[in-house]
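Trainee: Could you take me closely through the sheet in this model, and then show me how the helices and the ligand are placed around it? I would like one connected account that I can follow with the structure open.

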Amino acid sequence: MTGSWDGRVALVTGAGAGIGRGVVELLVGRGAVVVGVDRDGGALQDVAGAVAGAPGRLEPAVASVTDPARLAAVAEEIRAGHGGVDAVVCAAGIQRYGSVDTTDPTTYAEVMDVNVGGAFNTCRVGVPLLRARGGGAVVLVSSAQAYASQRAVAAYTASKAALLGLVRAMAVDHAREGIRVNAVCPGSVDTPMLRWAAERFSGGRPAEDVVAEWGRAHPLGRVARPREIAEAVEFLLSERASFITGADLKVDGGLTAGLAAALPKD
Ligand SMILES: NC(=O)c1ccc[n+]([C@@H]2O[C@H](COP(=O)([O-])OP(=O)(O)OC[C@H]3O[C@@H](n4cnc5c(N)ncnc54)[C@H](O)[C@@H]3O)[C@@H](O)[C@H]2O)c1
């Protein structure tokens, strides 16, 4: 079967797991060639196995988004193989816990380095690759925590809010080159990162119960599947979003639409 992404090339970071993997599976399923960047080579191999036989294909590239030289080498390979890319998706990210006084500076730097610096480094090589194919689109994966914070995620929340600034800056800088730049802001999504957090805060309960409890905090009553975030990413990358740039799209099951203060009988 052919798909709407036939002949198109995408660069996706965090491609080995969770939301990034969901984006790879969706785009490859619709015919794209996806260069998938992840620091975890084994995870990339798993994804390659999962998408074998799909209309498109995954080209794995083991790299950390914190390593500009390695990303430049990946970009050079893309230029040699494909001329450039039509889409860039930055999904690589990490979560660390602490308030401003309990997060040590090294941890703060690590979070900003991966979550913000990683997107910056990727777009730094991604924009010329988009230009080389006459334009395209970028999506950064931010978070509902760009708008509203839990307790004890100071560095993470700061990093996710910073990504929205980066989206606006890049949207303005590159609009005239036919490059659109947007963010998706997910609520809780069932990924290895969420499962890791659920284990950490389970207090002996099954992690499944913690995930279900977090799900109930969303008006839709559950956490998202990676595919549901990938669908929003694909929309923003597609021609259906041709007049959307500099925007942030909440994909949060209503999480940030509600107030925690319910009526007494609620
Ligand atoms: N899961 C959620 O509930 C949720 C909600 C909102 C936003 N997000 C964001 O979505 C993005 C993806 O999250 P996820 O839940 O899929 O995470 P995940 O941990 O399940 O997967 C992230 C992937 O990124 C890779 N990665 C991490 N650091 C990297 C680096 N320096 N270089 C290259 N690859 C690296 C990991 O190896 C992993 O394969 C993150 O930016 C996260 O902040 C997640």
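Mentor: The sheet is open and has seven strands, arranged in the order 3-2-1-4-5-6-7 with parallel pairing. Its edges are formed by strand 3 (57-62) and strand 7 (248-251), each of which pairs on one side only, and from one strand to the next the twist averages 20°. Please keep in mind throughout that this is a predicted model, and that the values I quote are computed from it.

Within the sheet, a good pair to look at closely is strand 5 (residues 136-141) and strand 6 (residues 179-186), which run parallel and are joined by six bridges. To find your place there, start from Val139, whose bridge partner in strand 6 is Asn182. Helix 5 (residues 154-174) lies across strand 5, strand 6 and strand 7, and runs at about 165° to strand 6. With an angle over 145 counted as roughly antiparallel, helix 5 is therefore roughly antiparallel to strand 6. Helix 8 (residues 226-237) also packs on the sheet, where it touches strand 4 (87-90), strand 5, strand 6 and strand 7, and its direction makes about 160° with that of strand 6.

From the sheet we can turn to the ligand, which is surrounded by 31 residues, the closest being Gly14, Gly18, Gly93, Thr191 and Met193. Several elements contribute to this shell, since helix 1 (18-29), strand 2 (33-38), helix 4 (105-132) and helix 6 (192-200) each supply at least two of its residues. By class, the shell holds 15 nonpolar residues, 13 polar ones and three charged ones.

The helices that contribute to this shell also pack against other helices, and it is worth following each in turn. The axes of helix 1 and helix 2 (residues 41-51) come within 10 Å and cross at roughly 30°, and the two helices are therefore roughly parallel to each other. Their crossing is right-handed, and in it Arg21, Val24, Glu25 and Val28 of helix 1 meet Val47, Ala50 and Val51 of helix 2. That contact comprises five nonpolar and two charged residues, with no polar ones.

Helix 4 packs with helix 3 (residues 68-82) at an angle of about 15°, their axes being 9 Å apart, so that these helices too are roughly parallel to each other. Helix 3 passes helix 4 in a right-handed crossing. On the side of helix 3 the contact is made by Pro68, Leu71, Ala72, Ala75, Ile78 and Arg79, while helix 4 brings Asn121, Thr122, Val125, Leu129 and Ala132. Eight of the residues in this contact are nonpolar, two are polar and one is charged.

Helix 6 meets helix 7 (residues 207-216) in another arrangement, with axes that come within 8 Å and cross at roughly 110°, and helix 6 and helix 7 are therefore roughly perpendicular to each other. Here Leu194, Arg195, Ala198 and Glu199 of helix 6 make the contact with Ala207, Val210 and Val211 of helix 7. The classes in this contact of helix 6 with helix 7 are five nonpolar, no polar and two charged residues.

Technical notes:
Residues are numbered from 1 along each chain as its sequence is written. This is a predicted model: local features need pLDDT of at least 70, side-chain atom pairs count only at pLDDT 80 or more; totals for chains, interfaces and linings use all residues. Two strands pair if DSSP finds at least two bridges between them. Helices (H or I, at least four residues) and strands (E, at least two) are DSSP runs, numbered from the N terminus. Axes are lines fitted to C-alpha atoms, for helices over the stretch in contact, and angles run from 0 to 180 degrees between N-to-C directions. Two residues are in contact if their C-beta atoms, placed from the backbone, lie within 7 Å. A residue is near a molecule or strand if its C-beta atom, placed from the backbone, lies within 6 Å of it. Ala, Val, Leu, Ile, Met, Phe, Trp, Tyr, Cys and Pro count as nonpolar, Asp, Glu, Lys and Arg as charged, and the others, Gly among them, as polar. Angles under 35 degrees count as roughly parallel, over 145 as roughly antiparallel, 65 to 115 as roughly perpendicular and the rest as oblique. A crossing is left-handed if the near helix is turned anticlockwise from the far one by less than a right angle, and right-handed if clockwise.
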